[in-house]
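Please open the model in your viewer and keep the selection panel at hand. The stops below move from rings to charges and then to one helix and two loops.

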Amino acid sequence: MNIPILTNPAKGIDLSTYQEVGKYSNVEFAIIKSSEGGRGTPVKDSKFESHYAFYKSKGIPVGAYHYLHGTDEATIRAAADWVYENCYKNKQFELPVWLDVEVQGNPEYTVANKEQTTRVSIAFLNQMASHNMYVGIYSSEGEYNSVLVPSEFASFDKWIAKWSTTPPT
């Protein structure tokens, strides 16, 4: 994968069904929610395909993310296969596909401890990587440090969200 050179900081957007397609075109990259789930069959984001087509048509580098639900490794590996087959297969991504871990306050997701959340997350990432996808972990700074074991993600790229009303310097 040839990762595009972006400015620092780069101006990008995280998109899902909640954003209007084509509204945000003055960006350097787009990361698009593809799906969510992991307890049974995941659900494809209703605007994934249209967001993907729009940004690809504009030549804007694209990545994607799957929003994690799930608590056991076998089920989450099956979910990764479903996401690959139904969302990523036959698509070209210039940026990684991410696993979005947002556990706190999510009633769909309860695990015994951060070690289990880490094992489930790594199972998803490894399964997706088995499909030759460039993968990484996406989480807020607080959750990355409180619901995951950060040292276990040394071999993965990280997208750590840090929200602020002040632009980064």
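Rings of Phe, Tyr and Trp (for Trp, its six-membered ring) are taken as a pair if their centres lie within 6.5 Å, and planes under 30 degrees apart count as stacked, over 60 as edge-to-face and the rest as tilted. By this rule the count comes to 11 aromatic pairs. The model is predicted, so local features need pLDDT of at least 70 and side-chain atom pairs count only at pLDDT 80 or more, whereas totals for chains, interfaces and linings use all residues. Residues are numbered from 1 along each chain as its sequence is written, and side-chain values use heavy atoms, with hydrogens and water left out.

**The whole chain**

Begin with a cartoon view, coloured by secondary structure, where helices (H or I, at least four residues) and strands (E, at least two) are DSSP runs numbered from the N terminus. The chain holds four helices and seven strands, and from the N terminus on these elements run β-β-β-α-β-α-β-α-β-α-β. Of the 169 residues, 46% count as buried, where buried means under 20% relative accessible area, exposed over 50% and partly exposed in between (1.4 Å probe, protein chains only). With contact meaning heavy atoms within 4.5 Å, residues 24 or more positions apart account for 73% of the contacts with a separation of 6 or more.

**Aromatic rings**

Select Phe54 and Tyr55, which form an edge-to-face pair, 4.9 Å centre to centre and with 90° between the planes; both residues are buried. Next select Phe48, Tyr52, Tyr88 and Phe93, which form one aromatic cluster.

Keep Tyr52 displayed and add Lys91, which lies over the face of Tyr52 at 5.3 Å from the ring centre. A charge is taken to sit over a ring if NZ of Lys or CZ of Arg is within 6 Å of the ring centre and within 35 degrees of the ring normal. For another such arrangement, select Lys33 and Tyr67, where the charged end of Lys33 sits over the ring of Tyr67, 5.5 Å from its centre.

**Salt bridges**

How many salt bridges does the count come to? Under the rule that a side-chain nitrogen of Lys or Arg lies within 4 Å of a carboxyl oxygen of Asp or Glu, the count is six.

Return to Lys91 and add Glu49: the two form a salt bridge whose closest N and O atoms are 3.0 Å apart. Because Lys91 lies in the loop between α2 (73–88) and β5 (97–100) and Glu49 in helix α1 (residues 48–57), the pair ties together parts that are 42 residues apart in sequence. Glu49 is partly exposed, with a relative accessible area of 34%.

Then select Lys56 and Glu94, a salt bridge in which the closest N and O atoms are 2.3 Å apart. Lys56 lies in helix α1 and Glu94 in the loop between α2 and β5, so this pair ties together parts that are 38 residues apart in sequence. Lys56 is partly exposed, with a relative accessible area of 26%, whereas Glu94 is buried at 19%.

Move on to Arg119 and Glu73, whose side chains meet in a salt bridge of 3.7 Å, N to O. This pair links distant parts of the chain, with Arg119 in helix α3 (residues 114–129) and Glu73 in helix α2, 46 residues apart. Arg119 is partly exposed, with a relative accessible area of 39%, and Glu73 is partly exposed at 29%. Finally, display Lys44, Glu49 and Lys91 together, since salt bridges that share partners join them into one network.

**Helix α3**

Select the whole of α3, and show side chains for its buried residues, among them Val120, Ile122, Phe124, Leu125 and Met128. What covers the buried residues of α3? The covering elements include β4 (62–68), α2, β5 and β6 (135–140). At the start of α3, a side-chain oxygen of Asn113 reaches to within 3.1 Å of the backbone nitrogen of Glu115.

**Two loops**

Is Ser16 buried or exposed? Ser16, in the loop between β1 (12–15) and β2 (29–37), is buried, with a relative accessible area of 7%. Leaving aside residues up to four places away in sequence, Ser16 touches Lys33, Asp45, Lys47, His51 and Tyr65.

End at Arg39, which lies in the loop between β2 and β3 (43–44) and counts as partly exposed at 43% relative accessibility. Add Asp72 to the selection: the C-alpha atoms of Arg39 and Asp72 are separated by 8.6 Å, although the residues are 33 apart along the chain.

Note on methods
A polar contact is a pair of N or O atoms within 3.5 Å; within protein, one must be able to donate a hydrogen and the other to accept it, and residues adjacent in sequence count only if both atoms are side-chain atoms.
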